[in-house]
Every structure is written in structure tokens, then in C-alpha cells.
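The following exercises are to be worked with the sequence and the coordinates at hand. Each task is followed by a solution in steps.

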Amino acid sequence: MTATERTGPRLAEGRSGTSHAPNLSLARCLEYCNAERDGAGLGAFRALFGALLCFSVARFWAYGWIEELYLRPPFHFTYFGFGWVRPWPPLGMYAHFGVMALAAACLCIGLASRLSSFVFFLAFTYAELIEKASYLNHYYFVSLVTLLLATMPSGAELSFDAWLRRRRGQAPLRARAWCYALIRAQLTLLYLFAGFAKLNRDWLLAAEPLGTWLALHADAPLIGPLLGSRGAAYFASFAGAAFDLSIPFWLSWRRSRPWAYAIALVFHVGVWLLFPIGVFSWVMMASTTIFFDPSWPRRWLRTRATPPPLEAVSPSGRLGRAPLGLAGAYLVLQLVVPLRFVLYPGDVNWHEQGFRFAWRVMLVEKAGQVEFTVLTGADERRYVVYPRELLTPLQYKMMSTQPDMIQQFARHLQQTFQAQGHERVRVYAEAWASLNGRPRQRLIDPGVDLANEPWSLWPKRWILPLQNSS
Amino acid sequence: MKLNLPSLAGRAGTQPRSRFLPFLTAAGCVAALLGCASEGEGDTRRTLLERWSTELIVPLYAEFDQRSETVAVSVDALCAGPSEQALAAAREAWQAAREPFKRAEVFAFGPYSRPEFRIGPKIDSWPARPEQIEEWIAGESPVDPATIAELGVFYKGLPVVEYLLFSPQASTPAQLEDARRCEYLRSTAAELASRAREIHMAWSPEGGDFAGQLSGAGRTSTAWRTLRDAFGEVVNRMGFTVENVRRDKLGRPLGDMTGGLAQPDVTESRFSGRAIRDILDNLSGIEVLFFGDPARSLPGVSSYAIERGENFDQRFRTALGASRTALEAVSVPLGEAVNTEADRVREASERLRELQQLIQVDLITALGLSLNFNDNDGD
């Protein structure tokens, strides 16, 4: 008897493994969302995700990145509206990461799953908000997923929570369809936006930046010459875009799922081997298991306990109208935020307005060089600021190609000079950058006093347009 | 919570073999990727690093080592019999030692700056601080190489020897008759020679073999985790060197940090008037690293770029030539020029900016060598 058969037809998905046909009526929608599902798949997702978070935090600590990213820099690039987020004193910052590690460990073993997920979400997101230079798409993804896990009974199976409930004679929790649907939707949006972002001239017609990056491996044994060829760059570019645009659907279809996941494994391991992207690949390999049949872990781990009779199941986890509305609003937000770049004229890969939180993954190879001229007083005393000596290497690298960070630093310089007693402080940037192999060009209008330009999310008129845009 | 792992036999009965096929295929592909994506023996970058370290860096420091020894010997002779000729010989020896050290400035990493070595600052922390030096000479503390070795970086090294040999206030033969002053000079020169030997041996395969650290990146090296990191560091150093020249060697004396008020006292080599020559030597080091040395069939960064289909030779030559021309147009020592020829100095800085941007923006992007300071990078 297979695990699916044991848990009964109500707990497994239909034969196709895909969602039921949509029904627009609210009642049917609620009925679908609240349909019970085997919690094993969600439990495995939680455990794998928690293990990776645990590993990430330990790695972060062991590599000295707490010091490097949060404690050493005297200045931090914070996010718009989050200027109040500041690092704690050193001991507090290490304690902060200690809490994060503990929460990740609890999430992994399923101890107080919701609470540990929420604590991790808060602690992790706070840390990320401290420093914009360390923004990574997969960090954003971690924040979103831990927030989602905090709303659902991810500890229904394969968890200490489930074990404790059984020991106490409490009704077991049960995962529901909306839990799977929400995480799958999140992942689908991630892949689709990542895929759509690749449909541009650089990626498809010039095979950049993959051409540049793959050529770095041109000396590798056996496949080196292949990796260094333009053909490989084009193949990888088109294959990468096709993968992103289709993998959620192949993973959702039961018949294609094994091959789709195998391809996903090869894709993500290949990316991990070839590019310095940290744990991103592993996060994605773990996350895509959510597309599997919810009972999949039972094929690999056979629990002694039989699934509880349905009448004994806790009613918790059911969505009402308001939570359903919240879930819908969340998804709409996830749809709108990555698209906000259309409100800004020009090439988003160049001006980077609307670039973050939009799943624009591995799209740019940029380098920049920036210096600031500060004029003070009526007599225009002139100072030249070379920011590399005031920032960490990572901060400088990121700032040199990202206009909002350049303005942020200009404003910081203004405040610093004002604090030293200077009046009428004006700050101008001499900023040059190169995108995906193009010759360098000016990024910022050198005649604009950045410190006195509005600090807002409105389009920045002082960013010079990209010549030969994609 | 108890979980039982199913037996293989049990699973075989319920799992068709075909279900594993995708995963076996994936495992095969992953194994192939793991085997092939390594940075192997024949990697051009590794070959370049091997040759640069043993044929460029080690010989430069060997030359500096030898010339520093000559400084110590000539200073001994000066103190044994102070005279204008002996002073001129010591000055000439100092100038000669300066040249390979300034050409090696593009390699100011590893033993030069790593915390476990930090030899560079003990050799060349500038500008010299005459007040501190004179205070020490006027004091009663012992003056010998061992004591000097324990002192802070501003009490020793090339700038202190320069001050004692070139400063009009400190270096006349009559002043060098002062036994304590001359003993300080002798001790500083001896300490310099021993530091020159130290940095040479730290790089040399016969000594600490930091050259092996560079060429063993990603394999045996503890300094660089990947070959790309090591290669990227060396190439990026060209840009950093030009940036340091613009910021510290030209910008500070010009008054960039003081609201336009010139600061001749913070000029490099201000007592010998060698500041512009120092910068030209820096550029020579960069030139050899980029173009290689045809006389020795030593390849440079250029050959790697060309192999990658990116030819920067002409642009590099133009930017380098323009920088040299602008620097050579400064007709008086830099300490004086920041007041009398400030426009020419600014012009030199502007030309160097072109070179800096060519390296830090165009070349680095084309070669995909943006530095990753940790693998907290990516997406």
C-alpha cells in the first residue's frame, strides 16, 4: 500500500497532481483552499528550508560576515523608509544572529514551527534591512517564505510539534490546500519574473552576461573550450530563460515532474558550480520540492503512526474570508512589486529603479567607478571624496553601479560636512559604469547636486540614459 | 516521533526502476559538472600567476633586496667618513633602491599587507615625520637596528632614510658628524635592508613561498579560495594602484581633502623630489603586468584578454602614454608643483583617471573580474 493510499484520497491531490479547476465563487474557492492535504510535503519543505537557514546563519557567522557587513562599516545604506533600522552593538548583533540560528533550528525540527518561523522572519528581515549593499534575491525569498510559513501549520507532520500533540493527546494539525498553493504561487512568480526579465536584447541577442561569466571557465578540463564558446553562451542563455519560464509548470504536472526536478537539480547545481551565488541554488532545490505530491516524503520515510481519523483533526488552519482576502492581497502585491520598474523610464538594468524585490536574477555584469566633489560655502571650497576609503569593498562595489546608493552616500557626505561646520554643502558625483560588456559611460549627471535632490521613489532625472539600451 | 526507513528490498517492490532514471541521470550530470568545472592544471590564469610570481614579483623584490643592501653599505661608508661624495653615493643608492620597490607597488598585497606579515608599511610609510625623528635623535633611547625594528612605522623605512639623506635640515656632512644621528641613519638603513630581505624571502620559493600561494589559488593556497579570486586580485590591483596615486600621491598634496588648500608636506618622497619619478615607476610596474615583457616572453594581462577576444592594448597604451606625458609635464618637484603648477598636476590626475576607469570599469567588466569580497555575492 502506498503512502497516498494509506492517507486516503482526500489527502492526496488528483491524478494529475495539479490544482482543481478554478471556480470563481467564493464558497468554492474557500472549499478548495481549505481542503485537507497530507502535511508531509509541507513538513519536508519546512525541515529542508530550516536546515538550509541554519546552515546559512552558521556560515554567515563562521565567515565573519556579521562583523564585515554590520559591525565594521561606519555607514550603512538603508532602504527607503527604513533609515531607522540600525545594527545593534556588537554583542547584540551576535545575539541577534544567535536568535536567528535558534529559530532556524526550531523550524528545521518543527518545534513551535509557526513561532520559530515568525521569529526568524523578523530577525532575518531586520538584519537584511540594515544594509542595502548585501541585498540578494534569495534573502528576499527567505524573508517571504518564512513569513508565509508563520501563517500555516507547517509543523503538522515530520515535526516535534506533531509528536508533542500526539503525546498530549491533542488533535493533530492538518495542512490544507492553501498552504501548498501559496508557496507554489510564490515560487512560480519568482521563476516567471526571473524568466521574463531575461527576455531582453542583452540576454537573448548578445548572450550577456552569461557569455562573460562562462568564459571564465574556458580553461576547465574537458568542457572548458565549450564553455568559452559563444555557442555555449547562447545555448545557456536561451536554456536559462526557457527553464525559468516553464519549470513551475513542468514541476506541477505529475507526469513530467521527475524529469523536471532532475533538470532543476542539474540546472541549480550547475549554476552553483559556475557562479558565486552562495546557497541560492540549494534554497531553490529545497524549495521546489513543494511542487511534489504532498505525500512524497512518505515514499522515503515511513511513519509508524497512521494518519489520524479526520474527525479528530484540529480545525485550525482553515481560511475564512478575511484571511483569504489577505492571501489574495499578498499575491497581488507579489505580482505588482516586481512590475513597478515599468513606471521608470529607461533600462531598469542600468538605472536599477525597481530592480530589487523583482526577481531580476543574474542579469547584469556591471562595474563602476565613482568619486564625489563636495563644494561648501559661498567661496566654493572644493573637496574630493574617494569613497573606497570610507566604505567596505562590498559597499563600494555595490554603490558604484547603483544610482540610489550613490545619492544616499552623497546625502551622507552632506550631513558629515554639515556636522563639521560647513555651510551650503553641495555634492556632485563623477560616476561611470559599464553594463554587460558595453564601453563605460556616465551614470550620473555630473552637474546635479545629488545631496539636494529629493530623496524619494520618484524617477531620478539625474540618472543618464543608457546608450545602446537593451 | 519515530521514523522507519524502508528497506531497499521493500522499496524495490513498490517503486518502478524508471522513477529513479531521472535522478540517476541528474546525478550523472552533476558528477560530470563537478569533475569538469574545476580550475585545472592547464588554466591560463594559473600559468600567468605562476609566471608573474616567479618571473616578475620575486625578481623585483630580489632587486630591491640587493639594492637595499647597497643602501646599508653606502650609509656605513658615509658614517665612517662623512663627505659630499659619500653622501651623494648614499643618495644614489637610495634612489636606486626606490625604483624596484615602486615598480612592485602594483603587487602590494600578500606579504606587503596581510596581517601576519605587514612588511610594506615597515618599509614605506610616508610622509616622513621629521619632528618625531628629530625628537628620537635628540633623546637618550638606544639607537641600534634591534631597537629601530621595535619602533613604529614612522621611525624607519625608506622615508626616514630619505629624510636623513636628503633633507637640507638634516643631511649635511657636518650634521652627519653627529654620532647619534649617523647611528640612527645606519640602524634605519640596516633595518630597511633586513625588511627588504624579509619581503623578498616571503615571496621567494626558497623562503616563505608566497608565490606558491598565488599560483596555488583554489588548490593549496590558504590566501585565495579560488583561482578567479587570485587572478581578480592581481588584475584589480592595477586599478587600485592608479587610484592610490590619484588620491594619496596627487590628490592630498593638491588639497583635495583640505578644501583646495595645497599640502606640500604630505607629498611622497618630498625630500628627494622623487615623487613624480615614483609615480612613473608605479606606472612601469602596471605596464609590465599588463603587457608582459616581450624580452623575456613573459605574457601579461593583455594576452589573457586577447585570448578572451578582448583587445585593450591600444586603449591601454594611449591612456598610459597620456598619463606619462602629463606627469612629465610637471617641471618642478611635486611638493612645489602643487602650488606653482597645480593645473598640470590636476591634468595628470585627470589623465590617470582615464587609465583608472579603463582598468576598473572596462577591463574588469570585459574579463568578468569584479571582485567578490565574499561569496555572500550573487542572486
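**Exercise 1. Describe the contact between the two domains of chain B.**

Solution. In this predicted model, 17 residues of domain 1 of chain B are in contact with 22 residues of domain 2 of chain B. On the domain 1 side, helix 4 (84–103) and helix 8 (158–166) of chain B each supply at least two residues. Helix 4 of chain B gives the most to this side, with 5 residues. Sorted by class, the side of domain 1 of chain B that touches domain 2 of chain B holds 9 nonpolar, 2 polar and 6 charged residues. The domains themselves run over 56–211 for domain 1 and 227–366 for domain 2 of chain B, and their C-alpha centres lie 25 Å apart.

**Exercise 2. Carry out the corresponding analysis for chain A.**

Solution. Begin with the bounds: the assignment for chain A gives domain 1 as 20–341 and domain 2 as 365–452. Next, take the centres over C-alpha atoms; they are separated by 36 Å. The contact draws on 14 residues from domain 1 of chain A and 12 residues from domain 2 of chain A. Finally, the side of domain 1 of chain A that touches domain 2 of chain A comprises 7 nonpolar, 2 polar and 5 charged residues.

**Exercise 3. Determine whether the overall dimensions of chain A fit a globular protein.**

Solution. Chain A contains 20 helices and 7 strands. For its 470 residues the globule rule gives 23 Å, and the radius of gyration is 25 Å; the two values are close, so chain A is as compact as a globular protein of that length. Along the principal axes, the C-alpha atoms of chain A fill a box of roughly 85 × 50 × 50 Å. Buried residues account for 46% of the 470 residues in chain A. Of the contacts in chain A with a separation of 6 or more, 71% are between residues 24 or more positions apart.

**Exercise 4. Test the length of helix 10 of chain B and state how far it is enclosed.**

Solution. Helix 10 of chain B covers residues 179–203, which is 25 residues. At 1.5 Å a residue it should span 36 Å, and its end C-alpha atoms are 36 Å apart, so expectation and model agree. Of the 25 residues, 18 are buried; helix 10 of chain B is therefore largely enclosed by the rest of the structure.

**Exercise 5. Examine the backbone in three loops.**

Solution. Most residues other than glycine have a negative phi, and most peptide bonds are trans. In chain A, the loop between helix 10 (201–205) and helix 11 (210–215) holds Pro209(A). A cis peptide bond joins Glu208(A) to Pro209(A), with omega about 10°. Ala207(A) is placed in the loop between helix 10 and helix 11 of chain A, and its phi is positive, near 55°. Ala207(A) counts as buried because it has 21 C-beta neighbours inside 10 Å, the cut-off being 20 or more.

In chain B, the bond from Trp126(B) to Pro127(B) is cis, with omega near 0°; Pro127(B) lies in the loop between helix 5 (120–123) and helix 6 (130–138). Ser269(B) has a positive phi near 50° and is found in the loop between helix 12 (227–254) and helix 13 (275–291) of chain B. With 28 C-beta neighbours inside 10 Å, Ser269(B) counts as buried.

**Exercise 6. Identify stretches of chain B that call for caution.**

Solution. The mean pLDDT of chain B is 89, and 89% of the residues score at least 70. Over residues 1–15 of chain B, however, pLDDT is below 50, and this stretch has 12 contacts beyond near neighbours in sequence. Residues 373–379 of chain B also stay under 50, with 26 contacts beyond four places in sequence. Where pLDDT is low, the predicted coordinates should not be read in detail.

Definitions and conventions. Residues numbered from 1 in each chain as written. Chains lettered and ligands numbered in written order. Predicted model: local features only at pLDDT ≥ 70, side-chain atom pairs only at ≥ 80, totals over all residues. Helix = DSSP H or I, 4+ residues; strand = E, 2+ residues; numbered from the N terminus. Expected span 1.5 Å × (residues − 1). Buried ≥ 20, exposed ≤ 12 C-beta atoms within 10 Å, placed from the backbone. Domains from an automatic or database assignment. Contact = placed C-beta atoms within 7 Å. Nonpolar A, V, L, I, M, F, W, Y, C, P; charged D, E, K, R; others polar. pLDDT = per-residue confidence, 0-100. Rg over C-alpha atoms; globule rule 2.2 N^0.38 Å.
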